[in-house]
Amino acid sequence: MYTTADTAERTSVEPGEGELTSAEVFWRDLQPWLLECGYQLRPRYRKGWIPSWKKSKKFSLSCEDGQPIIHGSVLDAVRVGDGVRVGLKKVKKSLHPYEEEIARYLGSEPLLSDPHNHCVPIFEALHPPTDLNFVILVMPLLRSYDSPRFDTVGEVVECFRQLFEGLQFMHEHHIAHRFDLCAQNFMFDRHNIFPHGYHFVLDNRTPDIKRRAKHFTRTQRPVKYYITDYGLSRRYNLNDGIPLELPILGGDKTVPEFKSNYEAQNPFPTDVYYVGNLVRQYFLDGSRQARLRIHETTIDEMVQEDPTKRPTMDEVVRRFDDLVQGLSFFKLRSRVPQRKDNIFIALEHCIPHWLRKFRSIIRRTPAMPIPAD
């Protein structure tokens with residue numbers, strides 16, 4: 001979660017089954033100070049932790065405290081004052097000197113109150129006294145935009161709307177994201193649809209990993225999506241002319257302008273490509289079926305080889321709003337199947353979907369679940 005070019009650092013495991021990885025040791029050593037700041041980590045990262053499986057015959061991975069984090073730069077915590085779970089992101093300032101500044105700017109008033117703002121808010125920035133090169137950003141605990149799976153076309157359409165609107169907002173404030181907007185960087189606030197929470201590592205399990213984590217659909221509990229990860233983002237003064245930046249090859253290796261000459265490029269059309277390709281890969285050409293073949297003309301234009309021919313995000317949002325007006329009630333209520341579904345999985349999801357649809361119609365629940373800001 002919340003990964004950046006440097007935060008995608010994979011953990012390396014120290015000797016001993018289930019023991020802390022080298023990246024996790026950072027959090028364990030920081031835990032007493034974080035607690036003083038009002039944030040409690042899970043037992044695995046507390047001083048004096050004794051692995052629970054050493055007192056039993058269980059394997060480490062079958063225990064809650066035996067789950068190592070995959071990306072060492074992000075961890076969950078509980079805010080002691082009110083018991084709210086938050087995400088902590090470790091940022092190395094020498095590598096990403098602008099991340100805290102941009103995050104604070106996007107989370108400041110009046111920008112924070114703007115309903116078009118889908119940039120993840122920063123609750124607090126903590127500066128560890130032991131290493132002034134790091135800052136710990138405290139933010140909501142978020143979840144990948146497509147987990148759990150979408151139930152209706154209306155839910156997907158609302159996801160698109162917030163994604164396009166969020167990037168439009170950044171561009172309106174002269175900020176280019178500059179790193180691919182993929183599942184790791186487009187997330188949602190999970191507290192609405194996971195009323196009893198889930199485990200940070202095994203996110204389909206309850207916090208104690210003993211049971212499957214129950215959740216509502218996005219139609220039942222509308223969610224707000226956020227664009228995250230500003231480690232490579234930049235804010236420009238457009239009075240100085242069109243900004244030009246050397247390519248930064250992120251997770252999406254298909255960006256056309258990065259395949260040719262290594263020349264400085266306008267970063268804003270590249271952002272448009274990233275978002276268009278996300279939609280194309282995951283909803284048009286990817287695991288979802290042809291039922292979601294909407295907005296294709298605009299998506300094709302967003303991923304054109306020539307960046308100068310791509311639409312701006314203002315144009316994308318305008319076209320998308322027109323498209324939404326033409327979608328029927330039945331289209332928005334229809335189920336989102338996946339190509340990998342066999343007949344048994346389809347039946348497992350289809351019957352509950354029709355029951356939920358019937359209840360939604362009776363209760364007049366909106367087909368496009370727009371959250372209340």
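This briefing walks through some features of the protein shown above, from its overall make-up down to single residues. The structure is a predicted model. Its secondary structure comes to 8 helices and 10 strands. Of the 373 residues in the protein, 53% are buried. Among contacts with a sequence separation of 6 or more, 70% link residues that are 24 or more positions apart.

**Helix α1: a bend and a covered side**

- Start with helix α1, which covers residues 22-36 and bends by about 50 degrees at L30.
- Look just past the bend and you will find a proline, P32, within four residues of L30.
- The buried residues of α1 are A23, E24, V25, W27, L30, Q31, W33 and L34, so L30, where the helix bends, is one of the buried residues.
- Several strands help to cover these buried residues, including β1 (39-40), β2 (74-79), β3 (85-92), β4 and β5.
- After α1 comes G38, and its phi is positive, near 105 degrees.

**Two helices side by side: α3 and α4**

- Helix α3 spans residues 153-172 and helix α4 spans residues 267-284; their axes lie 11 Å apart.
- The angle at which α3 and α4 pack is about 170 degrees, and an angle over 145 degrees counts as roughly antiparallel, which is why these two helices are described as roughly antiparallel to each other.
- On the α3 side, the residues that take part are V156, F160, L163, F164, L167 and H171.
- On the α4 side, their partners are F268, D271, V272, V275, L278, V279 and F283.
- Sorted by type, the residues of this contact are 11 nonpolar, 1 polar and 1 charged.
- A general point helps when you look at a helix: there are 3.6 residues a turn, so residues three or four places apart point the same way.

**Helix α2 and the loop that follows**

- Helix α2 runs over residues 99-106, and E100 is part of it.
- Is E100 buried or exposed? Its relative accessibility is 15%, and because the cut-off for buried is under 20%, E100 counts as buried.
- Beyond its neighbours within four places in sequence, E100 is in contact with A125, H127, V135 and L137.
- The loop between α2 and β4 holds P110, and a cis peptide bond with omega of about 5 degrees joins E109 to this proline.
- N117 sits in the loop between α2 and β4 too, and at 3% relative accessibility it counts as buried.
- Which backbone atom does the side chain of N117 reach? It is the backbone oxygen of L111, at 3.0 Å.
- N117 also touches residues from other parts of the sequence: leaving out those up to four places away, the list is L106, L111, L112, F169 and K224.

**D131 in a loop between strands**

- D131 belongs to the loop between β4 (124-126) and β5 (134-140).
- With a relative accessible area of 32%, D131 is partly exposed.
- The side chain of D131 reaches the backbone nitrogen of N133 at 3.0 Å.
- D131 and K92 are 39 residues apart in sequence, and their C-alpha atoms are 9.9 Å apart in space.

**Backbone details to look for**

- A cis peptide bond, with omega of about 5 degrees, joins S147 and P148; P148 is found in the loop between β6 (142-144) and α3.
- I209 is not a glycine, yet its phi is positive, near 60 degrees.
- You can find I209 in the loop between β8 (186-189) and β9 (225-227), where I209 is buried, with a relative accessible area of 11%.
- R364 is not a glycine either, and it has a positive phi of about 60 degrees.
- R364 is found in the segment after α8 (343-363), and at 76% relative accessibility it counts as exposed.
- As a pair to compare, I209 is buried, whereas R364 is exposed.

Key:
Residues numbered from 1 in each chain as written. Predicted model: local features only at pLDDT ≥ 70, side-chain atom pairs only at ≥ 80, totals over all residues. Heavy atoms only, no water. Axes fitted to C-alpha atoms, helices over the stretch in contact; angles between N-to-C directions. Parallel < 35°, antiparallel > 145°, perpendicular 65-115°, else oblique. Contact = heavy atoms within 4.5 Å. Nonpolar A, V, L, I, M, F, W, Y, C, P; charged D, E, K, R; others polar. Buried < 20%, exposed > 50% of the residue type's maximum accessible area, 1.4 Å probe, protein only. Polar contact = N/O pair within 3.5 Å; in protein donor to acceptor, adjacent residues only side chain to side chain. Bend = angle between axes of the 7 residues up to and from the residue.
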